[in-house]
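The following exercises concern a structure shown below. Each task is followed by a solution that proceeds step by step.

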Amino acid sequence: MRKHPLAQMLVIGTIASILGVILALAIDWFPPQGSASARDIDTLYDVLMIVSVPIFVLVMTVAIYSVVKFRARPGDQSDGAPIHGNTKLEVVWVTIPFLIVSALAFYGWVVLDDIERPQPNTMVVDVTGQQFAWSFEYPQPGGAEPVQSNELVLPVNRPVDFNIQALDVIHSFWVPAFRLKSDAVPGIETTYRVTPDVEGTYDVVCAELCGLGHATMRQSVRVVPEEEFTSWLAQRKEEAAPAAGAAQGTGPDEGAAPSGEDQQAPPSDQPEAGTEGASSGGSEPVG
Amino acid sequence: MTMAAKLRAPGWYRAALSLPIGALVAFAIVAGARALYGWTPVIDGEAITTVALIAMPLAFLVGIGCFDYWFRWASGAPTVPEDHSGHGATSWRDYFRVNTDHKVIGIQYIVTTFVFFMLAGLMAMLIRAELAAPGTQFVDPNTYNGLFSVHASLMIFLFIIPVFAGIANYVIPLMIGAPDMAFPRLNALSFWMLPMAGIMMLASFFAPGGAFATGWTAYAPLSTDTPLGQTFFTIAVQFAGASSIATALNFLVTIITMRAPGLTFFRMPLLVWANFTTSLLVVIATPFIAGSQFFLLLDRALGTEFFQVANGGDVIMYQHVFWFYSHPAVYIMMLPGFGIISEVISANARKPIFGYRMMAFSLVAIVILGFTVWAHHMFVSGMASWLRVPMMITTMLIAVPTGIKIFSWLATLWRGVIHLTTPMLFALGFITMFTLGGISGIMLAVIPVVIHVSDTYFVVAHIHYVLFGGSVFTIFAGIYSGSRR
């Protein structure tokens, strides 16, 4: 091979990159996908892999090639070429990485915006973390007593906003199949939204070291058809019914929470689900 | 020397005597204060331990002789010039004394930190052994949490950060043609604070309730209501931090004021540049972790409510203050290694470093950018959500100066006469592993990916690529090339 060294490296590097990218895409990195955002995030991850592999290959190709080609023969005490720099080359390797990371940052931003965009017909679930269990509350329209549950059940294809709180220390509410998590922080309410769109049972994991029982703080989420969810909710409500004869009237602050645009951390505990229920209320048994 | 004279002279005898005195002082302070307030019980073990953790190391430092010169000078007594200055060590015993020679201190640092490296490494092996199969194998959950917490804290505060200080102590004065460091006595004090911190972290295993088990991050409020072991961490970090700050000040003054005539900033070797920029990071950032741990200590010991939300505390604040140090700390643990690699590659490729000025500027760029990225550790923490995108962008921009360094090392290899010596092999291994660490670091800036992988083994893997394949390889490269001279 009497080729130009750059051409040689280019061929080797391209082949290695292609093999590396194929391998990177063939590996099943993540748990099952349970939401649209999971697909977006996995695609983003794949793109990052596709960009990363050639960069790693580039570094390795030059390093290995240099070590092989320029290795000192035994007894060689000569000096290397007296090269102190090359402005053009340096401009190139400042500019290109800058462009690559800018593009990736922009893409990341777009995906972030997508997965956090408010959705119509959103239901709210209040999530509470404590050592070492999660509990869930389904606020009911019309100020009715919220439905409590230790099991997370979600209707498929229905956007859900999790309002997340912690009672003692920091936990982190993570559903790997949704690819989303948020810390549960004492004193503040955090939130994220997701639309589960594949039925199934997935893990709910605490991702923030929260003490001795941290590893056992695992529950599951069942994503079920809308009707099954409705009947499950009704059943939960009946079980809790004897205690709840609460006033059905509209809360005084209901008008204060305008429906729609912003789900961010309502300051009061009073769930404002009633405002969201307009389009979905028909499918739920109003208690 | 009579026993009485030995007990008066600085050294191990006096240190052995002053340790119990320190404990007694702690006892007296706590019991006295509690008696005055009328609190029961007057003798409270936890409170005494907390104060003793501060008093005993200080007493030891006084006993071993770190403060003798200053005390004499401050009280107007004739000062006694420390008897090793200028000649270093004449016997192995000189390494066990307060010695102001920079080479001796360098070796003291390196040997001490490698002892902690070994201990923390053994803990890592225990962790892996425990993880060999699901369920409990060797240790209970509390010990397990303690093991990985102490492992991380020792590796970070007692190995990587100080071993670089040790290497720099040895070589920086030689490289810039200075007779010693600018403040030799401060240098000695910096070293002697280190073993205090390390022993304290190890001793936490013997505290009631076990070692601190909240990770090296010690997030509040978990860390404010865990057993006594946590206090050992909180105070140990103060000693390690004070040591680092003092050393960094020492390097800054030495490098700025004591360069040989004609050695301008842009003629300094890159290793000197690396330690200069690292010292800037340390001096600016380390007070923040000291602050975060003081908040914790006050919450634990004095009942303040910085992180007690029921009374208006703010737990996110802990993370902001903590990461404002702990992200720059990643560069504190990396930049000196960059310096070593630049020297090793240039020496073993028989070529000048490629793009010297850009290499120096990229260090400065990393220092500046390094202070603008801390919240990428907090993308899912519930902090102000607008902060995420700017921090993603600054984080990714760090790839640019880091890329300059990697490409310049490659260009230094190009058309060199490459000698595959042991340090060079470590340097090449470093380039491989650090590139992987850097690429996974880019992934860890992209918010949607981070939302999924934060608090997972993805992050653990990233930091071990950077710190083990990165920093530790540079340390090995540096130690091997130093020991060949």
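Contact here means heavy atoms within 4.5 Å. The model is a predicted one.

**Exercise 1. The extent of the interface**

Task: State how many residues each chain brings to the contact of chain A and chain B, and how much area the two bury.

Solution.
Step 1. Chain A contributes 71 residues to the contact, and chain B contributes 69 residues.
Step 2. The size of an interface is often expressed as the accessible area lost when the parts come together.
Step 3. Between chain A and chain B, about 5800 Å² is buried. Carbon and sulfur atoms account for 76% of that area.

**Exercise 2. Polar links and the side of chain A**

Task: Identify the salt bridge across the interface of chain A and chain B, then describe the side of chain A that touches chain B.

Solution.
Step 1. The rule finds 1 salt bridge across this interface. The criterion is a side-chain nitrogen of Lys or Arg within 4 Å of a carboxyl oxygen of Asp or Glu.
Step 2. The side chains of A:Glu116 and B:Arg388 form a salt bridge, with an N to O distance of 2.9 Å.
Step 3. Polar contact across the interface involves 11 residue pairs, with both residues at pLDDT 80 or more.
Step 4. On the side of chain A that touches chain B, at least two residues come from each of α1 (5-26), α2 (36-69), α3 (87-116), β6 (171-175) and β7 (180-184) of chain A.
Step 5. The element that gives the most to this side is α2(A), with 16 residues.
Step 6. By class, the residues of this side of chain A are 46 nonpolar, 15 polar and 10 charged.

**Exercise 3. Two helices of chain B**

Task: Determine how α13 (residues 388-397) and α14 (residues 399-413) of chain B are arranged.

Solution.
Step 1. The axes of α13(B) and α14(B) come within 5 Å and cross at roughly 10°.
Step 2. Angles under 35 degrees count as roughly parallel, and α13(B) is therefore roughly parallel to α14(B).
Step 3. B:Thr395, B:Met396 and B:Leu397 of α13(B) make the contact with B:Ala399, B:Val400 and B:Pro401 of α14(B).
Step 4. The residues of this contact comprise 5 nonpolar, 1 polar and no charged.

**Exercise 4. Backbone features in loops**

Task: Locate the cis peptide bond at A:Phe132 and the positive phi of A:Arg179.

Solution.
Step 1. A:Gln131 and A:Phe132 are joined by a cis peptide bond, with omega about 0°. A:Phe132 belongs to the loop between β1 (123-130) and β2 (133-138) of chain A.
Step 2. A:Arg179 is not a glycine, yet its phi is positive, at about 65°. The loop between β6 and β7 of chain A holds A:Arg179.

Terms used. Residues are numbered from 1 along each chain as its sequence is written. Chains are lettered from A and ligands numbered from 1 in the order in which they are written. This is a predicted model: local features need pLDDT of at least 70, side-chain atom pairs count only at pLDDT 80 or more; totals for chains, interfaces and linings use all residues. Side-chain values use heavy atoms; hydrogens and water are left out. Buried area is the accessible area (1.4 Å probe) that two parts lose on being put together, summed over both. A polar contact is a pair of N or O atoms within 3.5 Å; within protein, one must be able to donate a hydrogen and the other to accept it, and residues adjacent in sequence count only if both atoms are side-chain atoms. Helices (H or I, at least four residues) and strands (E, at least two) are DSSP runs, numbered from the N terminus. Ala, Val, Leu, Ile, Met, Phe, Trp, Tyr, Cys and Pro count as nonpolar, Asp, Glu, Lys and Arg as charged, and the others, Gly among them, as polar. Axes are lines fitted to C-alpha atoms, for helices over the stretch in contact, and angles run from 0 to 180 degrees between N-to-C directions. Angles under 35 degrees count as roughly parallel, over 145 as roughly antiparallel, 65 to 115 as roughly perpendicular and the rest as oblique.
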